[in-house]
Amino acid sequence: MDVGFDSARRRLVRDLMDSGIIKSEAVAEAMLRVPREEFVMPEYRLSAYEDRALPLLGDATISAPHMVAMLCEAVAPREGMRILEVGAGSGYQAAVCAEAVGRRGKIYTIEIELPIAVYAAQNIERLGYAGVVEVFWGDGTLGLPQYAPYDAVIVTAAAPRIPPALMEQLAVGGRLVIPLEEGGGQILYLYIKEAKGARRTALAQVAFVPLRGSGI
Ligand code: SAH
């Protein structure tokens with residue numbers, strides 16, 4: 001049944017460009033290529049192009065499209081880049097990143113809840129992203145040391161502080177984007193790692209589900 005997903009997707013991407021959230025051709029193209037209706041739970045398909053988070057399993061949500069675009073812009077995706085994502089959820093963010101880094105890039109995404117990790121892996125496989133995206137079940141606060149260092153790390157759940165393993169596994173010059181709990185709310189921060197320490201920029205006020213795990 002054609003319910004106009006393609007035109008709804010184009011309209012959403014145009015709106016995100018008009019509002020300045022999508023800044024680059026790479027992110028616009030990536031968002032245009034990934035069918036969000038295939039990543040939401042089946043009962044939410046008709047809401048796939050509303051710019052809001054939607055429920056997955058448990059308390060997890062697929063992030064709102066503007067948040068996916070903002071995270072993707074924040075890591076400044078380039079061809080061949082290697083990205084670690086903590087909080088695979090539906091796999092949608094990973095798929096958008098995969099489109100932005102191309103066939104020579106690699107996205108490692110880790111999910112702590114087994115049923116959600118399975119859901120993400122099925123979506124990634126079914127939509128043909130398995131060559132670029134690898135889904136892991138585990139505690140992402142410990143990172144994924146076996147594939148480090150990463151050019152970028154994206155954390156899609158809110159933490160009281162940066163899990164030390166994630167900064168350690170980031171390459172010098174690499175970008176880490178993470179929502180941190182602050183004063184009763186959450187701020188999305190971008191860190192750019194330097195030889196000593198990191199430079200940080202506040203990007204936006206946000207609302208993510210909590211990051212759990214032993215490495216915080
Ligand atoms: N990026 C996802 C949205 C993820 S919602 C998408 O595009 O759909 C946040 C997810 O983080 C939830 O699924 C939650 O289970 C997961 N999570 C929380 N703590 C985690 C941890 N320590 N390691 C990995 N995943 C975690």
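Start by selecting Lys106: with a relative accessible area of 18%, this residue is buried (under 20% relative accessible area, with exposed meaning over 50%, partly exposed in between, 1.4 Å probe, protein chains only). You're looking at a predicted model, where local features need pLDDT of at least 70, side-chain atom pairs count only at pLDDT 80 or more, and totals for chains, interfaces and linings use all residues. Residues are numbered from 1 along each chain as its sequence is written, and side-chain values use heavy atoms, with hydrogens and water left out.

**Salt bridges**

Now add Glu134, whose side chain meets that of Lys106 in a salt bridge at 3.3 Å, N to O (a side-chain nitrogen of Lys or Arg within 4 Å of a carboxyl oxygen of Asp or Glu). Lys106 sits in strand 4 (residues 106–111) and Glu134 in strand 5 (residues 133–137), 28 residues apart. Helices here are DSSP runs of H or I with at least four residues, strands are runs of E with at least two, and both are numbered from the N terminus. Glu134 counts as partly exposed, at 29% relative accessibility.

Next, pick Arg9 and Glu37, another salt bridge, at 3.2 Å, N to O. Arg9 belongs to helix 1, while Glu37 is in the loop between helix 2 and strand 1 (54–55). Arg9 is buried at 9%, and Glu37 is buried at 7%. Add Asp6 to the selection: salt bridges that share partners join Asp6, Arg9 and Glu37 into one network.

One more pair to show is Glu99 and Arg33, at 3.4 Å, N to O. Glu99 lies in helix 4 and Arg33 in helix 2, so this salt bridge ties together parts that are 66 residues apart in sequence. Glu99 is partly exposed at 22%, and so is Arg33, at 44%. A search of the whole structure turns up 10 salt bridges.

**Helix 4 and the core**

Stay with helix 4 and colour by burial: nine of its 10 residues are buried, so the helix is largely enclosed by the rest of the structure. Among the buried ones are Tyr92, Gln93, Cys97 and Val101. Just after the helix comes Gly102, with a positive phi near 80 degrees.

Which residues touch the most other members of the largest nonpolar core? Select Met31, Ile83 and Ile107, out of 53 residues in that core. A nonpolar core is a set of buried Ala, Val, Leu, Ile, Met, Phe, Trp, Tyr and Cys residues joined through side-chain atoms within 4.5 Å. Helix 4 gives the largest share, eight residues. Apart from this core lies another, of 22 residues, including Tyr108, Leu170, Leu180 and Ile187.

Zoom in on Ile107 and list its contacts (heavy atoms within 4.5 Å): leaving out residues up to four places away in sequence, they include Ile83, Ala94, Cys97 and Val132.

**Strands 6 to 8**

Switch to cartoon and select strand 6 (residues 150–155) and strand 7 (residues 170–182), which run parallel and are joined by four bridges; strands pair if DSSP finds at least two bridges between them. Tyr150 has Leu170 as its bridge partner in strand 7. Then add strand 8 (residues 185–193), antiparallel to strand 7 and joined to it by eight bridges. Leu176 stands opposite Tyr191 in strand 8. The hairpin formed by strands 7 and 8 has two residues between them, and Gly183 in the turn shows a positive phi of about 50 degrees.
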